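Here are a few notes to read alongside the model. Have a look at it first, then come back to the points below.

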Amino acid sequence: MRRLLLLRHAEAVPHVLTEKGDRARALTPKGQEQAASIGRQLSTLDLPSPIRILCSPAIRTRQTAQGVLATSDTAASLAIEDSLYSATAADLYGLIHATPETVESLLIVGHNPTIGDFACDLLGPALQSARFSTLYRSYPLAGLTVLGVPGQWLDVRPSTIQPITLLQP
C-alpha cells in the first residue's frame with residue numbers, strides 16, 4: 001500500500017519584517033532537533049519506495065526536509081514545489097493526483113494552516129480517535145500525518161485513504 005505523508009515544518013525563528021521576508025525564516029535549534037526526531041521515527045515505518053518529497057521553497061521547510069532525511073535511513077528524491085508556499089487544499093490534491101504511479105511514498109512538507117486543514121479533511125472521522133485527536137486543537141510543529149493509499153494517487157480523497165499514525169517530535 002502506498003503512503004501519503006503530510007509534514008508541517010519544524011519550529012522557526014519568529015517572523016520579523018525584513019527585506020528577505022517570511023520565506024527566509026530558518027529553523028531554531030529546537031526546530032532542528034524536531035526535524036531530526038521525525039527523521040528517526042520515519043526510519044521505523046519501513047516506507048515503500050521509491051519515495052518522493054515535495055517541499056515548499058521556504059528555508060524552514062527545506063531545512064525540515066533536510067533534517068528529516070539526514071537522520072533517517074530513507075532515500076528519497078526531493079523537489080522544491082513553489083506552489084506549496086501558499087497552497088490551498090485544491091493545490092495539494094492537484095499535486096497528489098499528478099504524482100507518477102511509480103512513486104510509492106509521497107511526503108509533502110509545507111505550512112499551516114494548509115497542511116493541518118488538509119490532514120484533518122483526509123482523516124475525517126479518524127480525528128475522533130486518541131491517535132489523531134490532538135489535531136483538533138492545532139497541527140503541531142514538525143507533526144507528520146501518515147496515511148495509507150490503497151489505490152492510485154489520482155484516487156486520493158477522504159473516503160479512500162487509511163489513517164495510519166501521527167508522529168510528533
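1. Start with strand β5, and keep in mind that this is a predicted model. Both of the strand's faces are covered: on one side Leu144, Val146 and Gly148 are buried, and on the other side so are Thr145, Leu147 and Val149. That fits a general pattern: side chains in a regular strand alternate between the two faces of the sheet.

2. How many residues of β5 (residues 144-149) are buried? The count is 6 of the 6, so the strand is largely enclosed by the rest of the structure.

3. Now for the neighbours of β5. Strand β1 (residues 2-8) pairs with β5 in the antiparallel sense, over 6 bridges. Strand β6 (residues 162-167) is also antiparallel to β5, with 5 bridges. Val146 is a handy residue to click on: Leu5 stands opposite Val146, and in β6 the bridge partner of Val146 is Thr165.

4. Over to the aromatic rings, where the count comes to 1 aromatic pair. The ring centres of Tyr93 and Phe118 are 4.8 Å apart and their planes meet at 75°, so this pair is edge-to-face. It links distant parts of the chain, since Tyr93 belongs to helix α3 (residues 89-97) and Phe118 to helix α4 (residues 114-123), 25 residues apart.

5. Are those two rings' residues buried or exposed? Tyr93 is buried, at 17% relative accessible area, and Phe118 is buried too, at 1%.

6. One last contact to check: Arg23 has its charged end over the ring of Tyr85, 4.1 Å from the ring's centre.

How values were computed: Residues are numbered from 1 along each chain as its sequence is written. This is a predicted model: local features need pLDDT of at least 70, side-chain atom pairs count only at pLDDT 80 or more; totals for chains, interfaces and linings use all residues. Side-chain values use heavy atoms; hydrogens and water are left out. Rings of Phe, Tyr and Trp (its six-membered ring) pair if their centres lie within 6.5 Å; planes under 30 degrees apart count as stacked, over 60 as edge-to-face and the rest as tilted. Helices (H or I, at least four residues) and strands (E, at least two) are DSSP runs, numbered from the N terminus. Buried means under 20% relative accessible area, exposed over 50%, partly exposed in between (1.4 Å probe, protein chains only). A charge sits over a ring if NZ of Lys or CZ of Arg is within 6 Å of the ring centre and within 35 degrees of the ring normal. Two strands pair if DSSP finds at least two bridges between them.
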